[in-house]
Protein chains: 2
Amino acid sequence: MDRLAALQRAPEHFVDTAAMARLPAKARRGFLRQAFAAALAGGAATLARAEDGEAAILEPTEAARGLGAPVALDGYGKPSKYEATLQRRQSPGLTQTRQASVSFCPLQGLFGIVTPSGLHFERHHQGWWDIDPRTHRLMLNGSDARMLKRPLVLTVDELMRLPSVSRFHFIECGANTAMEWGNVAVPTVQYTHGMLSCSEFTGVPLITLLEMAGADLQRGRFVLAEGGDGSGMTRTIPMELVRSGEVLVAYGQNGEMLRPENGYPLRLVVPGVQGVSWVKWLRRIELGDAPYGTKDETLHYVDLMPDGRQRQYSSIQEVKSVITTPSGGQVLLQRGFHAISGLAWSGRGKIARVDVSVDGGRNWREARLQTPVMSKCLTRFSADWVW
Amino acid sequence: MDRLAALQRAPEHFVDTAAMARLPAKARRGFLRQAFAAALAGGAATLARAEDGEAAILEPTEAARGLGAPVALDGYGKPSKYEATLQRRQSPGLTQTRQASVSFCPLQGLFGIVTPSGLHFERHHQGWWDIDPRTHRLMLNGSDARMLKRPLVLTVDELMRLPSVSRFHFIECGANTAMEWGNVAVPTVQYTHGMLSCSEFTGVPLITLLEMAGADLQRGRFVLAEGGDGSGMTRTIPMELVRSGEVLVAYGQNGEMLRPENGYPLRLVVPGVQGVSWVKWLRRIELGDAPYGTKDETLHYVDLMPDGRQRQYSSIQEVKSVITTPSGGQVLLQRGFHAISGLAWSGRGKIARVDVSVDGGRNWREARLQTPVMSKCLTRFSADWVW
């Protein structure tokens, strides 16, 4: 018996019309609707019974007959070969060069809240580097001699000796979800919402470093964060965020060192704030008394406001949510029960509640939230749906 | 200026005496002790001042001068080449064959609570397989015809349509930490405690499937879980655990599908219970009214009790903790401030408190716990230490 899937997975790149044409004219419908109806009603069995039999369960498989692969075949393992199409991908035509570009996270294929580091979205301005941590340095200085009494240059090892914290946070590019403001432009949630990822970050609170360096916390109202790549990436961070203890000089991501594409060996973590402020390959922090007016906060990364003016220094990512399955490009092959699953997040704190509509917004019902709900972190929601 | 690290990382395999001999006779001491003293006292600067200068910070680096690598160079990214020695590894001589063996998780190099899936420990009995999810089946049956009214065979796609949950849990091999009961046998925390990992698992509560299948929850007191590899791995799970909703038929791990070495496409998740019950490549669940007395709960995976008898059906992993840094094989190159970091976990619920001693148990102080503290999950603790 050849079983049909209930849901055809999203094409992992753009819609493949040939694959669409191969869909069965009439899919085997209703399996789980019946299953659920039967289970709920305690009614008569209408399910595929085990005794009906199919070779896949009745005959010993290759895995049951042989000797498998040894332990530590991969000292650092990889996903199944059957998951090879789940990749972070460029949106063709979006940018002229792949060094100043974006790769999008395949949200349609992910579960829970942790983004596998191998699928973390990328946004580079002059390409990424795998920087030798033995030669990397982080400098802390003041805008004048009194602002920071003891300017510091730290090695990565020195930084890693200091008291650290680990926290789960989302990171989102300021341009995320802007693709569809004008019209439906891209076919899947990977491209509409995929400049979004979530990790457990580990690092040293920046306030600890500033206090070590003898910062003047009365006069110091802003820090400048500078990256080590050639793009001259610099951003102003208000000291209110730093003083909260939330801003980290991070070296860890999902239990291991940051990935090179995510700023190895050091990046700034600025929870709730757009990704461009999470400066990668972090090399310098300067404490000053005024915003720095850098190109990536006054000319780029500005937002058009309703009155036609441009807002500079965009910062907090406001609350958003998206259904990741079923979602664009996926095809429901059966009526009946489907689990709706999605993500909600806010740069201002915890998600309190998510409502879901399956009729274009006429009726709404409350979704279940996966716990623990954490501040400035993705929250997975789910809802049951009978189509 | 060539800076010395404060802490020499653990040799990632066994202790390299040649590397030990190359240690500087007198390491550059006290950097952070002074730093902390100065910061705390607001005293005179004794730190490495930025203006002292070193080429690594004063001269433009290669990364600052050139064009880096493009986005999506790796559709599924990898760690930095500088982290290549951090691997899960076999303990040489522990087993005769690598298909019935263990690879240990490098806890000494990890942060926070999430274990990168590529470094998840392995314990196989007949090797691992990368099973095609399109042909994999999960069967649910009863020990007699009345135990399960509607025996079921599910495809992976059918299972993935059902309401799922995602939860963070540790998994620990029942043999973990037994290596040193007799004497100090292995040199690093990777080998003393590394049959331990922690992930966000996603799956369908087993109780949902049993209810769908019309289980007799009065008579049904145990389930048998059977794996799809050739080892005949079968374990008895008490229905009290299943009824709690905690036992999952999982397909997701850290946001993506399970890794092949961890049971792709389906494994049982039995929070708090030793890893052998988290049956990989799960193919069958049987509901019965008595324990099944399988080889891996009555002959293997039994525990010697103080009175000399063997305990069968070992289940809950009791509370444990370990300092992961500084730890075996690591060498402290400087006196002064060091951050102590470690893990605590219990198969019975949440960690309430961790105390740390740095003088062989004479004095104890309370460690900080990383939040959120989750049930049957690793908890990261930390403490400050001036040596």
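Me: What makes β18(B) and β22(B) a pair?
Reply: Two strands pair if DSSP finds at least two bridges between them, and 8 bridges join β18(B) to β22(B), so they pair, running antiparallel. Strands here are DSSP runs of E, at least two residues, numbered from the N terminus. One bridge in this pair sets B:L343 opposite B:R380. The model is predicted, with pLDDT of at least 70 needed for local features and 80 or more for side-chain atom pairs, while totals for chains, interfaces and linings use all residues. Residues are numbered from 1 along each chain, chains are lettered from A, and side-chain values use heavy atoms, without hydrogens and water.

Me: Why are β16 and β21 of chain B said to stand at the edges?
Reply: The open sheet has the order β16-β18-β22-β21 (chain B). β16 (320-325) and β21 (368-369) each have a single partner strand, so one side of each is left without a neighbour in the sheet. For β16(B) the partner is β18(B), through 5 bridges; for β21(B), 2 bridges lead to β22(B).

Me: Why is β22 of chain B called largely enclosed?
Reply: Buried means under 20% relative accessible area (exposed is over 50%, partly exposed in between; 1.4 Å probe, protein chains only). In β22, 6 of the 8 residues are buried, so the rest of the structure largely encloses this strand.

Me: How do you know that B:E200 has no salt bridge with A:R380?
Reply: A salt bridge needs a side-chain nitrogen of Lys or Arg within 4 Å of a carboxyl oxygen of Asp or Glu. A:R380, the nearest side chain of opposite charge, is 6.8 Å away, so the salt-bridge cut-off is not met.

Key. Helix = DSSP H or I, 4+ residues; strand = E, 2+ residues; numbered from the N terminus. Lys, Arg positive; Asp, Glu negative; His and termini not counted.
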